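Trainee: Pick one part of this model and take me through it closely, please. Start with the overall picture if that helps.

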Amino acid sequence: FSPDIGNVLCRFGSVEMMATWISATQITCIAPSQNHGMVPFSIISKHHNIVLQKYHDNNLLQYTFLPPMVISDLYPTHGAINGGTLLSIHVDEVPNVENLYCVFGNKAISIVQVEFTNRSMVICSTPPSNSSGM
């Protein structure tokens, strides 16, 4: 599909969320708030509320909503502006998922992969920062 096919939405179960085009071959969607569990996922293209195309049969793709992790402690509480500080994050329980990330700020480019040390702590390497302070 491409940006010229009309409104593109991500459907999480029965909830539709507007997609944002990142490139001609990539979109992003914000998942709605829902109870934890699996729901069917699909991408649909609409024009004047008529479904033009549906990508993926609802039975093929599943999206899993996880309960939020509760952070109890961070160490250290500050680090080098050029990044690379190993940040220990103590949580109630790390979910058993294939991919888990730490996000610093609100930009997707500032995601770093998590290293599991046990079921209640993860360690992330901090990315470089554009400014000092919080």
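Mentor: Let's fix one term before anything else: a contact here means heavy atoms within 4.5 Å. With that in hand, among contacts in the protein chain between residues at least 6 apart in sequence, 43% join residues at least 24 apart. Keep in mind that this is a predicted model, where local features need pLDDT of at least 70 and side-chain atom pairs count only at pLDDT 80 or more, while totals for chains, interfaces and linings use all residues. Numbering starts from 1 along each chain as its sequence is written, and side-chain values use heavy atoms, with hydrogens and water left out.

The protein chain has 13 strands and zero helices, taking both as DSSP runs numbered from the N terminus (helices H or I, at least four residues; strands E, at least two). About 9500 Å² of the protein chain is exposed, with 55% of that supplied by carbon and sulfur atoms; these areas come from the Shrake-Rupley method with a 1.4 Å probe, and for residues only the protein chains shown count as cover. Of its 134 residues, 29% count as buried, meaning under 20% relative accessible area, against over 50% for exposed and partly exposed in between (1.4 Å probe, protein chains only).

The part I'd zoom in on is the disulfide, meaning a pair of cysteine sulfur atoms within 2.5 Å. A search of the whole structure turns up one: C10 is joined to C29, S to S 1.8 Å. The two cysteines sit 19 residues apart and link distant parts of the chain, with C10 in strand 1 (residues 7–12) and C29 in the loop between strand 4 (26–28) and strand 5 (37–47). The torsion about the S-S bond of C10 and C29 is about 65 degrees, so the disulfide is right-handed. C10 counts as buried because its relative accessibility is 3%.

C10 also belongs to the largest nonpolar core, which has nine residues: V8, C10, F12, A19, I27, V39, F41, I43 and F65. A core in this sense is a set of buried Ala, Val, Leu, Ile, Met, Phe, Trp, Tyr and Cys residues joined through side-chain atoms within 4.5 Å. Strand 1 and strand 5 each supply at least two residues of this core. F12 ties the picture together: leaving aside neighbours within four places in sequence, its contacts include C29, M17, V39, F41 and F65. Another core, of eight residues, lies apart from this one, and L87, I89, V94 and L100 are among its members.

Stay in the loop that carries C29 and you'll come to S33, between strand 4 and strand 5. S33 is exposed because its relative accessible area is 77%. The C-alpha atoms of S33 and F65 are separated by 8.5 Å, although the two are 32 residues apart along the chain.

For a contrast, look over at strand 13 (residues 121–125): four of its five residues are buried, so this strand is largely enclosed by the rest of the structure. Strand 9 and strand 13 run antiparallel, joined by five bridges; strands pair if DSSP finds at least two bridges between them. Within that pairing, S88 stands opposite I123 in strand 13.
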